[in-house]
Amino acid sequence: MPNIPATSRHWLLARRPKGLVSTDDFSLAEQPIPEVADGSALARICYLTFEPAMRGWMDDVVSYMPPVELGEPMRAPGMAVVVESKHPDFAPGDLVFGMMSWSEYVTHHAGWSKVPSGVDPELVLGPAGGTGLTAYFGLLDVGQPQAGETVVVSGAAGATGSVAAQIARIKGCRVIGIAGGEEKCRWLLEQARLDAAIDYKSENVAARLKALCPDGIDVFFDNVGGSILEAVLNNLAMDARIALCGMISTYNDATPQSGPANLFQLIVRRGTLQGFMVFDYMDRRDQALADLFNWVAAGEIAFRTDVQHGFENIPTTFLRLFDGSNQGKQVLKVSDTDL
Ligand code: NAP
């Protein structure tokens with residue numbers, strides 16, 4: 001039986017951010033760990049994962065899930081080891097993943113799944129978990145790329161974008177990634193083996209897209225929105241498909257941006273722009289995960305996991321997503337995965 005402390009630390013949402021999220025939006029608290037009730041379980045967090053969309057959960061606005069309440073632990077996906085269980089599906093030592101919080105210990109949540117034995121937890125946190133599934137369904141179902149087509153991906157060196165770009169390459173497309181900085185662009189060319197990379201921080205994206213895509217862009221997998229979406233809209237091929245995955249360039253806006261100013265290009269090019277949520281595809285998750293595991297095992301998908309350490313560093317780790325410090329899937333290790 002593991003030694004379970006009487007209290008757990010949590011990072012609480014202290015106030016709703018105005019503009020760019022800051023560490024002052026969170027406060028550290030220590031609270032008693034409640035008794036495990038019948039039908040429930042207690043788990044110690046091993047890894048937390050960070051997603052840009054968590055910024056939206058901090059605002060009191062209508063979204064695809066309710067906002068985090070002020071004074072509550074910040075909601076976050078993670079992986080934990082069960083330390084005590086009165087739940088029929090879980091036993092001490094089981095590694096589980098799903099929705100958790102910025103806490104040391106968490107009680108059972110209905111959405112938890114067990115990490116299959118023998119599977120590398122790093123894969124479940126990244127390319128063979130929610131991140132990979134987002135890339136898979138967004139690119140293949142919404143983008144519908146055909147071999148020989150030109151696919152552009154923004155946020156291409158990030159967790160989701162890098163998988164989407166490489167699936168497009170696997171499907172025989174010509175793939176151009178847009179990312180911030182020389183090092184990320186080099187990784188896209190050398191490790192992800194894309195056809196071209198554009199550094200949006202030092203290059204004119206519209207001019208580079210025009211030069212690289214003389215026949216237009218057939219599929220755009222967009223993680224960023226804003227001016228990059230506008231640049232792509234001006235370079236679409238006929239019948240282009242845009243899969244709207246995310247809009248990180250707008251998440252910290254204190255006042256909403258107007259635009260894109262050139263949506264008319266969708267009419268000219270008979271294009272389609274479609275948003276999607278990964279949760280809607282869970283009935284097909286097993287087949288997608290099998291494909292993703294196979295591609296990673298075959299060396300067809302390269303990925304990076306950016307592991308930070310220390311419970312106290314959770315808020316600063318979250319901020320890394322918004323200045324591009326993260327090199328691949330952003331996670332933070334809270335404790336070891338064994339009991
Ligand atoms: P990520 O791409 O690994 O990390 C975020 C990256 O965004 C940063 O590394 C940075 O890369 C880039 N970025 C930050 N601020 C930017 C700005 N102002 N302009 C341009 N790029 C900026 O994160 P992720 O978890 O994979 O998420 C990627 C996107 O997918 C997000 O928009 C997220 O909301 C979305 N998402 C959607 C779903 C869904 O179901 N639709 C599910 C999960 C995630 P650079 O260094 O290249 O700037």
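Strands here are DSSP runs of at least two residues, numbered from the N terminus. The structure is a predicted model. With that in place, Asp 239 can be assigned to strand β12. Its phi is near 60 degrees, a positive value in a residue other than glycine. Most residues other than glycine have a negative phi, and most peptide bonds are trans. Asp 239 has a relative accessibility of 46% and counts as partly exposed, because the partly exposed class runs between 20% and 50%.

A positive phi also occurs at Arg 270, where the angle is near 55 degrees, again in a residue other than glycine. Arg 270 belongs to the loop between α8 and β13. With 55% relative accessibility, Arg 270 counts as exposed.

The peptide bond between Gly 259 and Pro 260 is cis, with omega about 5 degrees. Pro 260 sits in the loop that runs between β12 (236-244) and α8 (264-268). Its relative accessibility is 24%, so Pro 260 counts as partly exposed. Leaving aside neighbours within four places in sequence, Pro 260 is in contact with Leu 229, Glu 230 and Leu 233. Pro 260 and Ser 40 are 220 residues apart along the chain, and their C-alpha atoms are separated by 47 Å.

The next topic is the aromatic residues. A pair of aromatic rings is described by the distance of the centres and the angle of the planes. The structure holds 10 aromatic pairs. In one of them, the ring centres of Phe 26 and Trp 102 are 4.8 Å apart and the planes stand at 50 degrees, so the pair is tilted. Phe 26 is in strand β2 (residues 26-32), while Trp 102 is in the loop between β5 (95-101) and β6 (105-107), so the pair ties together parts that are 76 residues apart in sequence. Phe 26 counts as buried at 6% relative accessibility, and Trp 102 counts as buried at 0%.

Another pair is formed by Tyr 64 and Phe 279, with ring centres 5.7 Å apart and planes at 40 degrees, so this pair is tilted as well. Tyr 64 lies in the loop between α1 (54-57) and β4 (75-85), and Phe 279 lies in the loop between β13 (272-275) and α9 (285-297), so the pair ties together parts that are 215 residues apart in sequence. Tyr 64 counts as partly exposed at 36% relative accessibility. Phe 279 is also partly exposed, with a relative accessible area of 46%.

Phe 26 and Trp 102 belong to one aromatic cluster, together with Phe 50, Phe 318 and Phe 322. An aromatic ring can also face a charged side chain: Arg 75 lies over the face of Trp 57, at 5.3 Å from the ring centre.

The ligand is surrounded by 26 residues, of which the closest are Thr 160, Lys 184, Tyr 200, Tyr 251 and Asn 326. One side-chain approach comes from Tyr 200, which has an N or O atom 2.5 Å from an oxygen atom of the ligand. The backbone takes part too: a polar backbone atom of Asn 223 is 2.9 Å from an oxygen atom of the ligand, and a polar backbone atom of Phe 276 is 2.9 Å from a nitrogen atom of the ligand. Taken alone, the ligand exposes 920 Å², and the protein buries 91% of that. The elements giving two or more residues to the shell around the ligand are α4 (159-170) and α10 (314-323).

Thr 160 and Phe 276 also appear among the contacts of Thr 134, which touches Leu 139, Phe 221, Cys 245 and Val 278 as well, not counting residues up to four places away in sequence. Thr 134 is placed in helix α3 (residues 130-143). Its side chain reaches the backbone oxygen of Gly 130 at 2.7 Å. Thr 134 has a relative accessible area of 13% and is buried, because buried means under 20%.

Glu 149 is found in the loop between α3 and β8 (150-154). Glu 149 is buried, with a relative accessible area of 15%. The side chains of Glu 149 and Arg 241 are joined by a polar contact of 2.6 Å. Apart from neighbours within four places in sequence, the contacts of Glu 149 are Gln 144, Cys 173, Arg 174, Asp 218, Val 219 and Arg 241.

Conventions: Residues are numbered from 1 along each chain as its sequence is written. This is a predicted model: local features need pLDDT of at least 70, side-chain atom pairs count only at pLDDT 80 or more; totals for chains, interfaces and linings use all residues. Side-chain values use heavy atoms; hydrogens and water are left out. Helices (H or I, at least four residues) and strands (E, at least two) are DSSP runs, numbered from the N terminus. Buried means under 20% relative accessible area, exposed over 50%, partly exposed in between (1.4 Å probe, protein chains only). A polar contact is a pair of N or O atoms within 3.5 Å; within protein, one must be able to donate a hydrogen and the other to accept it, and residues adjacent in sequence count only if both atoms are side-chain atoms. Contact means heavy atoms within 4.5 Å. Rings of Phe, Tyr and Trp (its six-membered ring) pair if their centres lie within 6.5 Å; planes under 30 degrees apart count as stacked, over 60 as edge-to-face and the rest as tilted. A charge sits over a ring if NZ of Lys or CZ of Arg is within 6 Å of the ring centre and within 35 degrees of the ring normal. A residue is near a molecule or strand if one of its heavy atoms lies within 4 Å of it. Accessible areas come from the Shrake-Rupley method with a 1.4 Å probe; for residues, only the protein chains shown count as cover.
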